[in-house]
Amino acid sequence: MSEERSDLTERPREEEAEKAVLVSVLWGDVPEAEAEESLSELRSLAETAGAVVVDSLVQSRRKPDAATLLGKGKLQELQRRVSESGADLVIFDQELTSSQQRNLENALDIKVVDRTALILDIFAQHAHSKEGKAQVEMAQLRYQLTRLTGKGAQLSRLGGGIGTRGPGETKLEVDRRRINMRLRTLNRELRELTRVRRVKRKRRLRLEVPTFSLVGYTNAGKSSLLNLLTDAGVLVEDGLFSTLDPTTRRLMLPGNRRAVITDTVGFINHLPHQLVEAFKSTLEEVREADVLLHVIDASAPNIERRTRAVEEVLEELGALDIPTIYVLNKIDLLDGEAREYLRKRYPEGVLTSTVTGEGIPELKERMAACIPASRTMRLKLPLEEGRLLSLLYRRGKVLELGSRDGFYHLLAEVPPELAERLRAFKEEKDA
Ligand SMILES: Nc1nc2c(ncn2[C@@H]2O[C@H](COP(=O)(O)OP(=O)(O)OP(=O)(O)O)[C@@H](O)[C@H]2O)c(=O)[nH]1
Ligand SMILES: [Mg+2]
């Protein structure tokens, strides 16, 4: 059944796939390796968005051309390559101003987008929940809004200056007003959704179950890890930004320690600021975690730079000081030497593979070690505290139970999240 469906959906997609030419313009002193990695990442982004990359072009300049980013000669070369490859769009790795984008579109006569627009497009394709959709739309509108300010599209098309201001300005104002109105509506919707999410989280916090949050670069294996630890059945894909909606699952760790774990949206180098802003309510989960599991694709090029990109976002979220376990994932793809290097470089990290299951027991032990252990307590509970007793049955372990003089007398293993509530019922001597 599912085979059939994928067959049906895949064929037309191949024919319709947009053909893209990638362009990267470098200035300043960007190391070559970094530029190469960035371009290969742009390729993954383009493919995740559903495009086929037919050509790519890199230019190093002392400084970017103000009008077209690319120099004149390179622009001509790009024109030639676009017509030879029959491309439908050009994707720039660097951010374009709205006038650069327009100048390029006029010169090339096809659609031109930048990396930010591409990432926003992927998010739009992957948003499923009401909240996710609203967040993406908000990010897109904010992106559009930044492009309307200053020399707006209509104004500069007319050359600007005297005689152009009337209708151009009006249209611009109308657009801006329309966007702002929609943003206000979205804001209201999101506030309501955030409130619902907070209520749910509060319920969780009331029991003080320790919370782990998976964070990391996109495609590192966060969802795979969640599935392996909890049987969650979250979508895992070899593409970027598969997960947008956070998922929270219960988890049992060695020593009967209970916890919950949350999977959320991945990060990337130059993650559009509008997205971080719009996804703040989703990412709040990260800030409130007790422990972060920072998942790193150990087989990726330049993991240090990716790790830094993740930490930059964590800093922006105010989550940088949360205790963190580094999970170096995908080690099934590494040889002994590479693993050795990682052990030295990240002595605190855990090497894992969600494919072979290597390192998972160690990871669970490390996670359990972050949670205080259960304590054995002798308790004297009034008979009317039946609810507390049943909670103890569910969350802890009742070792002995009797009742006399209107009290339950029991010996129990009390999990840390209940210890505080039960302290009032302690019998004099602890076991
Ligand atoms: N070889 C190997 N591949 C893995 C491992 N863990 C995950 N993968 C693959 O890596 C890809 C991404 O995995 P996900 O779990 O979707 O990654 P993610 O971090 O949730 O990604 P996003 O939600 O897109 O940010 C998938 O193709 C997985 O099958 C691993 O340990 N070894
Ligand atoms: Mg995921």
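Tutor: Before we start, one term: a residue is called buried when its relative accessible area is under 20%, exposed when that value is over 50%, and partly exposed in between. Keep in mind that this is a predicted model.

Student: Okay, why is S223 called buried?

Tutor: Its relative accessibility is 8%. The cut-off is under 20%, so S223 counts as buried.

Student: And why does T243 get the label it has?

Tutor: T243 has a relative accessible area of 10%. That falls under 20%, so T243 is buried too.

Student: What makes S223 and T243 count as partners of the magnesium ion?

Tutor: The magnesium ion, ligand 2, is coordinated by the OG atom of S223 and the OG1 atom of T243, at 2.0 to 2.2 Å. For this metal, an N, O or S atom has to be within 2.8 Å, so both oxygens qualify as donors. The pair also links distant parts of the chain: S223 sits in helix α9 (residues 222–230), while T243 is in the loop between α9 and β6 (247–253), 20 residues apart. One caution: water is not among the atoms, so a site may look incomplete.

Student: What about ligand 1? Which residues come nearest to it?

Tutor: There are 23 residues around ligand 1, and K222, S224, S242, D332 and T354 come nearest. As for where the shell comes from, its largest share, three residues, belongs to α9.

Student: What kinds of residues make up that shell?

Tutor: It divides into six nonpolar, 12 polar and five charged residues.

Student: How do you know that S224 makes a polar contact with ligand 1?

Tutor: An N or O atom in the side chain of S224 is 2.6 Å from an oxygen atom of ligand 1. A polar contact needs a pair of N or O atoms within 3.5 Å, so this pair passes. S223 passes as well, with a polar side-chain atom 2.9 Å from an oxygen of ligand 1. With F241, a backbone N or O atom does the job, at 3.1 Å from an oxygen of the ligand. Overall, the protein covers 88% of the 660 Å² of accessible area that ligand 1 has on its own.

Student: Is S224 buried or exposed, and why?

Tutor: Buried, because its relative accessible area is 19%, and the limit is under 20%. S224 is found in helix α9. Leaving out residues up to four places away in sequence, S224 touches V236 and T354.

Student: Let's try somewhere else. Why is P382 put in its accessibility class?

Tutor: P382 has 16% relative accessibility, so it counts as buried. P382 is in strand β11 (residues 375–382). Apart from residues up to four places away in sequence, P382 touches G406, F407, Y408 and F425. The C-alpha atoms of P382 and H409 are separated by 8.9 Å, with their positions 27 residues apart along the chain.

Student: What makes S60 exposed?

Tutor: Its relative accessibility is 60%. Exposed means over 50%, so S60 earns the label. S60 belongs to strand β2 (residues 52–60). C-alpha to C-alpha, S60 is 8.8 Å from G28, and the two are 32 residues apart in sequence.

Student: What stands out about the phi of H270?

Tutor: Phi of H270 is near 55 degrees, a positive value in a residue other than glycine. H270 lies in the loop between β7 (257–263) and α10 (273–278). At 57%, its relative accessibility is over 50%, so H270 counts as exposed.

Student: And why is N302 called partly exposed?

Tutor: Its relative accessibility is 34%. That is neither under 20% nor over 50%, so N302 falls in between. N302 is in the loop between β8 (291–297) and α12 (303–316), and its phi is near 55 degrees, again a positive value in a residue other than glycine.

Student: Which residues of helix α4 are buried?

Tutor: In α4 (residues 98–108), they are S98, Q100, R102, L104 and L108. Just after α4, D109 takes a positive phi of about 65 degrees.

Student: How many helices and strands does the chain have?

Tutor: It comes to 16 helices and 13 strands. Of the 431 residues, 47% count as buried. The chain exposes about 22700 Å², with carbon and sulfur atoms supplying 48% of that area.

Terms used
Residues numbered from 1 in each chain as written. Chains lettered and ligands numbered in written order. Predicted model: local features only at pLDDT ≥ 70, side-chain atom pairs only at ≥ 80, totals over all residues. Heavy atoms only, no water. Donors = N, O, S within 2.8 Å, 3.2 Å for Na, K, Ca; no water. Helix = DSSP H or I, 4+ residues; strand = E, 2+ residues; numbered from the N terminus. Buried < 20%, exposed > 50% of the residue type's maximum accessible area, 1.4 Å probe, protein only. Near = heavy atom within 4 Å. Polar contact = N/O pair within 3.5 Å; in protein donor to acceptor, adjacent residues only side chain to side chain. Areas by Shrake-Rupley, 256 points an atom, 1.4 Å probe, with all protein chains shown as cover. Nonpolar A, V, L, I, M, F, W, Y, C, P; charged D, E, K, R; others polar. Contact = heavy atoms within 4.5 Å.
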